[in-house]
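Biologist: Before we discuss this protein, I should like to see it. I shall then ask what lies behind the terms used to describe it.

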Amino acid sequence: MKKYKYIFYYVSILYTIGISLWSGTIYLFMRHNGYSYSQINLFLEIFWLVTSFAEIPSGYIADKFGYLKTIMASGIIRAFGLVILALSPMNLLWMTVSGVLTALGDSLQSGTMTSWIANKAVEHGEKDQLGAIFSGYSIIGTPLTMAATFVGANILGNIRLDLPLLIGAAFLLATSLTIIPLLKYDSQNLAEAEEGMPKLNLVNDVKYTVKQEQKTFAWILLLLPVAIISVGPLDQWQMYFQRGKTVNSGTISVLMSLAGMLAISLYNRYVSKKPLSNKGQTRLIVVSTVMMAATLLGVVGLKNWYYGSLALFMLHTMFGSLENMLGGIVLQTTIQTENRRATIMSVANALDAGAEVVILAINGFLSDRYGIGFAWVSLAVLGLVIFLLAIFGMQSKKLEVEEI
């Protein structure tokens, strides 16, 4: 199992570095090249729209044909998408092509390596090692990705804003090429019981999976409103906290990563050591989501006090990281059909992507006309209200999760 753990770390970290190099500057790059907020959000809408259609078949493809093959294809496709965007500033046609390619690459990557290592753990009877593997990845990968983000934004971005995109694409391509010798360790789920060339029955398989995973699907729907709160800040912080001509988003991104690590560390230190009841797990998710919205209101309210606003944004990031982790734990632990794990998670990603398309359109409209702060506050309030109504509905139906 140790061999598979190291492969998981290697591929996941190298791929994530390829993303981190440009993640702190892509919004700045597009804004610098003349795109309006609505046009930048259009790029993101294209990304999420394609993702919403591609996620389910991507998860199915990973289950059917192999996880390492899928991640290899993801790196190549995403790299080409980034190169196109970097070399064609302020061109809506090529922006659209880039959005489609990067979305396809992201869909093929989403959940693929975690499903691969989970599959290996089940195959070798060591599923109980997954927690240690994932935490080990976080300990090793987080400092490296923070360093990559800092280098991409504060160093490469201050030389030229297209450099992070181009070098990030090179890392993704390198990831794909170095996976080739590892393909002998590939595995898949759905094809194992079939003979000959596997037949695609995507629609029926997804229907069957959702039917078998009704509890998981209910939680997927419940967590969707959280995206209304988080979508705007997730990308627009680069513009909101940018001051002067020097790119400083790398420093802020590192602070955000540290804030997320602190939140997870506090959770591990004070919460995870004892089993949580169903009610306790739900309460933590509710508190995290409410605080995400509340801190965002404070960020905008303190806009004239830069460091106070930035400090509250770090708190927002902490609660966002905690909510994201808790939601992931709930979904992973409620899954019952082991050999459809990537498929049901792709259903979750697809629905989330579809919601983000709508939210981004609203955010772009509000940001161009009333400012980023107004857009953040409006959507935070809307998302929180919908989420709380959904929670009350869940409680009335007595939806339960497995104890963790």
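Modeller: Let us begin with helix α5, which covers residues 92–109. This is a predicted model.

Biologist: How do you know that the length of α5 agrees with that of a helix at 1.5 Å a residue?

Modeller: The 18 residues of α5 should span 26 Å, because the expected span is 1.5 Å times one less than the number of residues. The end C-alpha atoms of α5 are 25 Å apart, which agrees.

Biologist: Which residues of α5 are called buried, and what makes a residue buried?

Modeller: A residue is buried if its relative accessible area is under 20%. In α5, the residues that meet this condition are M95, S98, G99, T102, A103, G105, D106, S107 and L108. In the protein, buried residues make up 52% of the 404 residues.

Biologist: What is found at the start of α5, and what follows the helix?

Modeller: At the start, a side-chain oxygen of N91 comes to within 3.1 Å of the backbone nitrogen of L93. The cut-off for a polar contact is 3.5 Å, so this pair of atoms qualifies. After α5 comes G111, with a positive phi near 75 degrees.

Biologist: Why is the pair of F241 and Y306 called edge-to-face?

Modeller: The structure holds 13 aromatic pairs. In the pair of F241 and Y306, the ring centres are 6.1 Å apart, and the planes make an angle of 80 degrees. Centres within 6.5 Å count as a pair and planes over 60 degrees apart as edge-to-face, so both conditions are met.

Biologist: Why is this pair said to tie parts of the protein together?

Modeller: F241 lies in the loop between α11 and α12, whereas Y306 belongs to helix α14, so the pair ties together parts that are 65 residues apart in sequence. Both F241 and Y306 are buried. They also belong to one aromatic cluster with Y240, Y307, F313 and W376.

Biologist: What makes R31 a charge over the ring of Y37?

Modeller: The charged end of R31 sits over that ring, 4.1 Å from its centre, and the distance cut-off is 6 Å. Likewise, K120 lies over the face of Y4, at 4.7 Å from the ring centre.

Biologist: How confident is the predictor in the protein?

Modeller: The mean pLDDT is 82, and 84% of the residues reach 70 or more. Among the elements, helix α8 has the highest mean, 94, and helix α9 the lowest, 65. Over residues 190–199 the pLDDT is below 50. Where pLDDT is low, the predicted coordinates should not be read in detail.

Note on methods: Residues are numbered from 1 along each chain as its sequence is written. Side-chain values use heavy atoms; hydrogens and water are left out. Helices (H or I, at least four residues) and strands (E, at least two) are DSSP runs, numbered from the N terminus. Buried means under 20% relative accessible area, exposed over 50%, partly exposed in between (1.4 Å probe, protein chains only). A polar contact is a pair of N or O atoms within 3.5 Å; within protein, one must be able to donate a hydrogen and the other to accept it, and residues adjacent in sequence count only if both atoms are side-chain atoms. Rings of Phe, Tyr and Trp (its six-membered ring) pair if their centres lie within 6.5 Å; planes under 30 degrees apart count as stacked, over 60 as edge-to-face and the rest as tilted. A charge sits over a ring if NZ of Lys or CZ of Arg is within 6 Å of the ring centre and within 35 degrees of the ring normal. pLDDT is the predictor's confidence in each residue, from 0 to 100. Contact means heavy atoms within 4.5 Å.
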